[in-house]
Amino acid sequence: MTPAGAVRPPRLRPGDRVAVVAPSGPLMAERLDRGLDVLRGWDLDPVAAHRARGTHPTLGHLAASDEERARDLQEAWCDPSVKAVFAARGGYGAQRMVDLLDWDALRAAAPKPLIGFSDVTVLHEAFAVRAGVSTLHGPAVAGEVFLKDDATRDHLRRTLFAPETVRTLVSPSARPLVPGRARGVTVGGCLAMLATELGTPWARPGAAGGLLLLEDVGEPPYRIDRALTQLLRAGWLDGVAGIVLGSWARCGPYDRVREVLVDRLAGLGVPVAEEFGFGHGDSALTVPLGLPAELDATAGTLTFEEPATV
C-alpha cells in the first residue's frame with residue numbers, strides 16, 4: 001500500500017469478455033448459471049473457468065485442487081481478452097492456492113477488476129501487496145445476495161461501468177460507533193481471514209494509514225473478540241486512520257457483537273462507522289480496496305478521491 005493508493009483497472013464496456021472463477025469452495029451449478037445470466041444481461045460475455053463447476057475429489061469444501069484453482073485464476077488474469085475476473089463464491093481455499101500463483105506473470109499482465117469478498121480477502125490482500133492493483137470488495141456472482149438483491153447488483157454494475165456515479169458510498173443503516181472524519185487508503189475485508197494471514201509470506205505488515213474495512217459471518221462474539229485481539233496484540237492496527245464496519249451475519253445478537261467492537265476498537269481513538277452495508281448481509285455495497293478515500297463516520301459516508309476504475 002502506498003499513500004497514493006494502488007493502480008486502478010480499466011472500467012468495463014458493453015461486449016467485454018469476463019471470467020468467473022472458483023478460487024475457494026465448490027458452487028451450486030444452478031446459482032452459477034443464474035449469475036452468468038445476470039452478467040449477460042449487462043451486455044457482457046461471461047466465461048466460466050474450467051474448474052468452476054468442479055469439486056475436489058476428496059476434500060469436498062474445495063472447488064478443485066489447489067493447483068487447478070490457481071491455474072484458473074492465473075489464466076483468466078493473464079488472458080488479454082478477459083477484462084474482469086469475478087469470484088463465483090467464497091467459502092474456504094484461497095489461502096491454499098495464493099502462493100501457487102506466478103506473481104511475476106500476474107504483475108506483467110494488464111490490471112483488471114477483481115471482484116469478490118469473504119475468503120477472497122486473501123486475494124485482495126495479495127493483489128494489493130504483491131501486484132499493487134486496486135480490487136473490489138463486492139458480491140460473488142453465484143452468491144445469494146447477488147442473485148436476489150437488485151441494489152447489490154446495481155451498485156456493482158455502476159462501479160464497473162460508471163464508477164464516477166458511486167464515488168461516495170452511503171449506507172442508510174450506517175451510524176458512528178466513534179464519530180469523526182479520517183482519510184486513508186482502503187484495506188481489509190473479512191476479519192477472520194485478515195487475522196489468519198498474520199505471519200504468512202507477503203502478509204501486509206499492518207493497517208497503518210489505512211481505512212480498514214471489517215466484516216464477517218458465522219463468528220460468535222468471542223471469536224470476533226479473539227480475531228480483533230490477535231490483530232491488536234500483533235500491532236497490526238497501530239496507526240490505522242479509521243475503521244468501517246460492515247455486516248456480522250449469523251454472529252449472534254448484534255448488541256453482543258457491538259459490545260465486542262466497542263471494547264476492542266473504540267480505544268484506538270480513530271473514527272469508526274458501523275453497519276455500513278457491505279459484506280454478508282441481505283444487501284451489499286461494492287467497496288474499492290487500495291484507493292484513497294475519506295470516511296465521515298458521523299454522516300455515514302465513504303468518499304473516494306477518484307473513481308474505482310479508469
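These are my notebook entries on cysteines, salt bridges, one sheet and two single residues in a predicted model.

**Entry 1: cysteines**

I began with the cysteines and found that the structure holds 0 disulfides. I then asked why Cys190 is not bonded to Cys251. The sulfur of Cys190 lies 9.1 Å from that of Cys251, its closest cysteine sulfur, and this is too far for a bond. The cut-off that matters for this step is 2.5 Å between the two sulfur atoms. Looking from the other side, I noted that Cys251 is in no disulfide either, and that its nearest cysteine sulfur is that of Cys190. I also looked up how far each side is covered: Cys190 counts as buried because its relative accessibility is 4%, and Cys251 counts as buried because its value is 1%.

**Entry 2: salt bridges within helices**

Next I turned to charged pairs, for which the count comes to 25 salt bridges. As background I wrote down that side chains of opposite charge can pair when their charged atoms come close.

In helix 2, which spans residues 66-78, I looked at Asp66 and Arg69, which are 3 residues apart, about one turn of the helix. Their side chains meet in a salt bridge with an N to O distance of 3.0 Å, and both Asp66 and Arg69 are buried.

In helix 7 (residues 150-161) I found a pair with a spacing of 4 residues, Asp154 and Arg158, again separated by about one helical turn. The salt bridge between the side chains of Asp154 and Arg158 has an N to O distance of 3.2 Å. Are these two residues buried or exposed? I read Asp154 as partly exposed because its relative accessibility is 28%, and Arg158 as partly exposed because its value is 27%.

**Entry 3: a salt bridge between strands**

I then followed the side chains of Asp296 and Arg181, which meet in a salt bridge at 3.1 Å, N to O. Asp296 belongs to strand 13 (residues 292-296) and Arg181 to strand 8 (residues 181-190), so this pair ties together parts that are 115 residues apart in sequence. The two partners are covered to unlike extents, since Asp296 counts as buried at 11% relative accessibility, whereas Arg181 counts as exposed at 58%. I also noted that salt bridges with shared partners join Arg181, Arg183, Glu294, Asp296 and Glu305 into one network.

**Entry 4: the sheet around strand 13**

To place these strands I looked up their sheet, an open one in which 8 strands run in the order 6-14-13-8-9-10-11-7 with mixed pairing. Which strands stand at its edges? They are strand 6 (168-170) and strand 7 (175-178), each with a single partner strand, so one side of each is left without a neighbour in the sheet. With direction ignored, neighbouring strands of the sheet are turned by 30° against each other on average.

Strand 13 is mostly covered, with 4 of its 5 residues buried. On one hand strand 13 pairs with strand 8 in the antiparallel sense over 5 bridges, and there Glu294 of strand 13 is the bridge partner of Arg183. On the other hand strand 13 pairs with strand 14 (residues 301-304), also in the antiparallel sense, over 4 bridges. In strand 14, Thr303 stands opposite Glu294, and Leu302 stands opposite Leu295. The hairpin of strand 13 and strand 14 has 4 residues between the strands, and in this hairpin Gly300 takes a positive phi near 75°.

**Entry 5: Asp72 and Lys148**

I went back to helix 2 for Asp72, which lies in that helix and counts as buried because its relative accessibility is 5%. The side chain of Asp72 makes a polar contact with the side chain of Arg51 at 2.8 Å. Leaving out residues up to four places away in sequence, I found that Asp72 touches Val21, Ala49, His50, Arg51 and Ala52.

My last look-up was Lys148, found in helix 6 (residues 144-148), which counts as partly exposed because its relative accessibility is 48%. What does Lys148 contact, leaving aside its neighbours within four places in sequence? It is in contact with Arg153 and Asp282. Lys148 and Asp282 are 134 residues apart in sequence, and I noted a C-alpha to C-alpha distance of 8.8 Å for this pair.

Notes. Residues are numbered from 1 along each chain as its sequence is written. This is a predicted model: local features need pLDDT of at least 70, side-chain atom pairs count only at pLDDT 80 or more; totals for chains, interfaces and linings use all residues. Side-chain values use heavy atoms; hydrogens and water are left out. Buried means under 20% relative accessible area, exposed over 50%, partly exposed in between (1.4 Å probe, protein chains only). A salt bridge is a side-chain nitrogen of Lys or Arg within 4 Å of a carboxyl oxygen of Asp or Glu. Helices (H or I, at least four residues) and strands (E, at least two) are DSSP runs, numbered from the N terminus. A polar contact is a pair of N or O atoms within 3.5 Å; within protein, one must be able to donate a hydrogen and the other to accept it, and residues adjacent in sequence count only if both atoms are side-chain atoms. Contact means heavy atoms within 4.5 Å. Two strands pair if DSSP finds at least two bridges between them. Axes are lines fitted to C-alpha atoms, for helices over the stretch in contact, and angles run from 0 to 180 degrees between N-to-C directions.
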